[in-house]
Amino acid sequence: MLIGIDVGGTFTDGVVFDNGRVSVFAKEATDDENLSQTLLNVLDKLLIDQDVNKIDRVVLSTTLVTNLTVTDSGPRTALILMSGYGLPQDTYNLAPDTYFLKGCMDFRGNEITPPDKEEICQVIKQLKDNDIKRIAIAGKFSNRNQRHELFVKAELAEQFPEAEAVISSRIAQQLNFPRRAFTAYLTARTSEKWNNFIDHMQQALKERQIKAPIHILKADGGTMPLETARENPCETIFSGPAASTMGGLALTWKDVKNSVVLDIGGTTTDISLIIAGQPLYASQGARINGKLTHIKSFAVKSVPLGGDSVLRLENDILHIGPERKGPAACFGGEYAAVTDAFNYLYKLNIGEPVLSEEKLALLALPMNLPLTEFCQLVTKETLTRLKTNIDAMFKEWEQEPAYRVWEIVNRQEFHLDRIIGIGAAAEAIIPKLASDMQIDHMLHEYSPVANALGSAVARPTLAVNMHADTQADLYSIEPGGIQGRLNKNKDLQLEDVKEITRQYLLDLAVARGLGSYAREAQFTMEEQFNVIRGWDRLGKLYEVGMQIKPGFIDEFEGVD
Amino acid sequence: MAKKPTGLLFFPAFDWAISPTHPEREERLLYTRDQIFEEGIMDLPQIKEYKPKLAEARDIARAHFCVPDVAAQVTEAHLISAGSTLVIADALMQGEIKNGFALVRPPGHHSMMVSHGNRGFCNINNEAIMVEYLRQKYKIKRLAIVDTDVHHGDGTQNIYWHDPDVLFVSFHQDGRTLYPGTGHVDERGGPLAYGTTINIPLPPRTTDAGILYVLDNLVMPVLDEFKPDLVINSAGQDNHYTDPLADMRFSAQGYARLNEKLAPDIAVLEGGYSVETALPYVNMGIIMAMAGIDYSNLREPDYEPGRFKEQNLETIKKIVDIQLNAFRNRADTIAKNRSRGQDFETIYKNIFYDTDYISEDQTERLRLCSNCGGFRVILSSAQHRNAKQYEVYCISVPSYCCEDCHREAMDMYKQMGSKGNYDFIYLQDRINDQYKSLDTYKEVETIL
C-alpha cells in the first residue's frame, strides 16, 4: 500500500494506491499558513479504516520551500561572496545582505588571490552588529577548490559560534557561480522552517504509528528520504509540477511516446514534455524570483489559466482569469468559469450543466451574443493560449544549445504524439485541444488525482558528478561537496573515474536506504580532455556524471 | 523598450581536433567554457545564447571553390562553425540582437577562394561565407572585415582582393617573423579594388598601446570614411602576451577596449592558442565589451597594469601614416589602373598549405571592367594528400558586378565545357545564387 499526498496551490490531494488501484482518495483546501496541518488532515482522511502496518511508503510533495522562497520569507540571511576577477561585483548582488570578500580561484582550482583575514573579521563584526546568524558562503570556482569557503566558515565558527553557515560547494559543484551562490543562500534561508516542518511530520507520523519510510518529492521527479531532505530544502522546490509530470507518466506506463503533459488545475495549467518516455529537464535549472538556481528540475511552463479561471467583462470585453473565484458554476460556484463554457458548448454534462448555462447567460447578454457564440469566444481564446504555450515550449527545447559535433548532427526531429491530460479540469478541455491540434489525447479516470498518484509511485533519484584534474591533482564529487587530492595519480583513466563515481553513488544509495535502485543508475556524462602544453600531455581532465533517473518504484506495474 | 542583447553562439567542438596534440584540439575552448559558465554571463539579460546549425554546401560554394567538391574539404565541424556565423548573421539582421559573437571553432581566416586542403588550421573561411550569405539574403553591399588575429588574414584578403565593396583591414605580427609571411604594407588590393585592402604589419612585442594606436589613428578613421553597412571582427586572440605561437604583448583589457572602440556588428573567433592563460579572459573581455558590461574588473591572474611598455610606437606611427594616405588616394590609383586598357590582368602565384603540405600553382586573371570591379578567373593546379593531381578552372562572379561581366563569365563557363584540359570547371554565379561544377572526366554537371 502506497500513500501519495500532493500539496497544490488550491487543493491538496491524497491517494492510497494498492494493487494497481487508487483505493482511497482525499481532498482538502490548501492552507498556506499551515501546510503541515493540511497534509495531516488529508493523511488522516486516507487512513480511515486502514491498517497502518500495511503502508509500504508515504511520499509528500509540498510547496513549503517554494512558498518561502517565492515570498522571500525566512530569517535575515547574509550572502558572503568571493567573486574575484571577471564580471563587475554588482552583478552578484543576489541578496539584500550581500558581502564581498577577497579570495579568488581559477578554473583549475589554483589560488589567484588569498582571502584576507582582517577583512573577514570586519564582515563577521558587521554580521554580529546586524544580528544575522544565517550565512551562505560562495566563491567563484569553489566547485574546483573550496579551500577559501572552508577558511571563511572556520573563521565564522570560531568568532561567531551562534551563526550557522552553508558553503556553496557543498550545495552544488556544477559551473555557474551566481546560481550556486543563490542556491546556497536559499538553503541557508529556508533551512530552519524546513527542519521544523520535518520535525513536525516525523512526530505526527510517529503518533499515527506509521513505520513505513517517508519520502519527499523533488523537482527532478524523484523522491528522497525525509531525513536526507533536511540538508537540501531547495531540492523540494517545484515538486508540484514534477508530481504532475510523474502522474502523466504513471498513467501511460510502458506506453513510450512523445507527449505533452497538461495539468489543468483550478487556476493554472502546468505544461511539461515527455520525449521518448523521458521527462524533459530545464537546461538552466529552476528559476526562482527571476534568478536561476542549480536545482535540477523538469522544464515546466505554468500558464495562469485553469478550469476555474473566472470569466468577466470589462467594458464589454471578455477577460479570462487569471483569478479564481471559487469553483466553476456547474459545481455550484457563483461565477461562470472556463469549464462552464466548454461544458455548455460541447454538452459535456459536467456537474450541473444548467448552472453553467445560467451564469454564462449573464455574460453573453451584455455582449449581445448568442450563448453558443459567447462560449466559442471563451473556448477559442483558452485553446489558443494553451497552444501558444505548448509551441513556445517546443521552440525553447529546439533552441537548447549544444557543444559537440555529434549533438548537432544527430539531433532528431521531434513529433508530438499525444496530450496527456491530468488535473481536475482536464476532462473539459483536453479532448477539444487535442482535436484542434490533430493529435491523440489520453484521459484516465485517475486524471484528476494523477499528481498524488505520481508522488505515490515515483522512485528515488540520485545524481553524482565527479570532476578530476590529474595535472592539478584535484578532484571534486557531489552531492556532499567532497574535494581532495588524487595523490599524484597521473595514470588515472576514464574507466577509473567512472568506477569511483559508481562506487560513490552505490555507497550513498545504501546510506540513504535506496540500495535496490542503484542498479538502475546510468552514466549521463563522460568527458575527457588531454592537457597539452607544447607537444606533451601533462595531464587529463575528466567529468563524469551518473544518475538514477526518474522512474517508478518496483512495486508499480501500471494502473488498472 | 529594453536594449537589445548581444548574441552569443558558443560552439567549442569538444569532439573535434586536427590531431591529438595540435593547437586546434578539443581542449582549446575548455577553460573558456569554464570561465564563461562560472561567471554566469549567459544568464544575464544582456546576453542571448544561440544554438549552432549546419551550413549548407551552397553556403560554402558561395565563397569558395572547393576541390573537387565541398564534401571533400569540410567535416561536419566545419559546417557547424560556418553555420554558426550564419545563425548570428540572421539574428542580427532580423533585429533580435544589437551585435553578436560566434565563439566557434574550427577557424577560417587562412582559407582562400580556392580550397585544396587545410592551411593555417583552416579549410573554409567563416567570415567570407557569412559575408556572401549577408549579401545574398539581405542585399547588403558594403562591409568591413577587421582582422585582429596575430596572423595575417591572408585567406580573407585573397577572397576580397578584387572587391571594392569589402574593406579588409588586418593588423598582425610582421610577416617576416610569423606565419603566413604575408600582409606587408604594399599589399593593397587588386587593380580595381586598390586601397580597400589594408595591412598593418606590427613589430613583435607590440603592446596594448601600440594596437590601440592603430585602431584610433587608422582603423577608425578609415571605417568612418568607407561607411560600411556592417563591421565584422575576425577575432583572433593570439596577440595575447602568453600565446605560444606568436610574440605580441596584448592583454585581455586591450582586447576588451579594442572591441568597445571598434564596436563590431559581428565578431567571429579565429586563432588564439594560449588556451588556459589567455582565452578564458580574452573571450570574457570581448563578450563584456560587446554587451556593454563594465570590464574594469577583468584581468589575467598574472597581469598588472603597466606590465608592458610600448617600444615601437614610432615605427607604428609611420606605418599608420603611409596606409592612411594610400587609402585616401585609392580612387586615383584605380582610375590609373583602369586606363591601362587591357582586357584582363594576369597574376601568377604559388600557395602553400602548411597543415596539409600541399603546393598550389595559380594563374589569376581579372577582367579590367570599366563599370565594375570585374570578375575573376582562377586556373589552379595542386596535388592533394591522396596523391591525386587536380587541374581546375574557376570563374567567380562577384555579388555586385555589371551585366557585361556576368554575361561574359557565363559564356566563358559554357565554352570551357567543351575543352578537356581541366578536371573540373566551376562557375560561382553569385548574381543568380547558383554554383555550377562540371566534372569533365565523368561529364557530370552539379548545380548547388
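When I say that two residues touch, I mean that their C-beta atoms, placed from the backbone, lie within 7 Å. Please keep in mind throughout that what we are looking at is a predicted model.

Let me start with A:Asp31, which sits in the loop between strand 3 (21-29) and helix 1 (35-47) of chain A. Leaving aside residues up to four places away in sequence, A:Asp31 touches A:Gln37 and A:Thr38. Its C-alpha atom is 9.1 Å from that of A:Gly9, although 22 residues separate the two along the chain. Is A:Asp31 buried or exposed? Strictly, neither, because there are 14 C-beta neighbours inside 10 Å, and A:Asp31 therefore counts as partly exposed.

Turning to the interior, the largest nonpolar core has 263 residues, and among those with the most contacts inside it are A:Leu453, B:Leu9 and B:Ile287. There is also a second, separate core of 19 residues, which includes A:Met466, A:Val497, A:Leu505 and A:Val531. Coming back to B:Ile287, its contacts, again without residues up to four places away in sequence, are B:Leu8, B:Ile36, B:Ile41 and B:Phe101.

Finally, chain B is divided into domain 1, residues 6-331, and domain 2, residues 341-447, with C-alpha centres 27 Å apart. Across the boundary, 30 residues of domain 1 of chain B are in contact with 32 residues of domain 2 of chain B. On the domain 1 side, the elements giving two or more residues are helix 2 (57-61) and helix 5 (126-138) of chain B, and helix 5 of chain B supplies the largest share, 3 residues. By class, that side of domain 1 of chain B has 14 nonpolar, 7 polar and 9 charged residues.

Conventions
Residues numbered from 1 in each chain as written. Chains lettered and ligands numbered in written order. Predicted model: local features only at pLDDT ≥ 70, side-chain atom pairs only at ≥ 80, totals over all residues. Core = buried A, V, L, I, M, F, W, Y, C linked by C-beta atoms within 7 Å. Buried ≥ 20, exposed ≤ 12 C-beta atoms within 10 Å, placed from the backbone. Domains from an automatic or database assignment. Helix = DSSP H or I, 4+ residues; strand = E, 2+ residues; numbered from the N terminus. Nonpolar A, V, L, I, M, F, W, Y, C, P; charged D, E, K, R; others polar.
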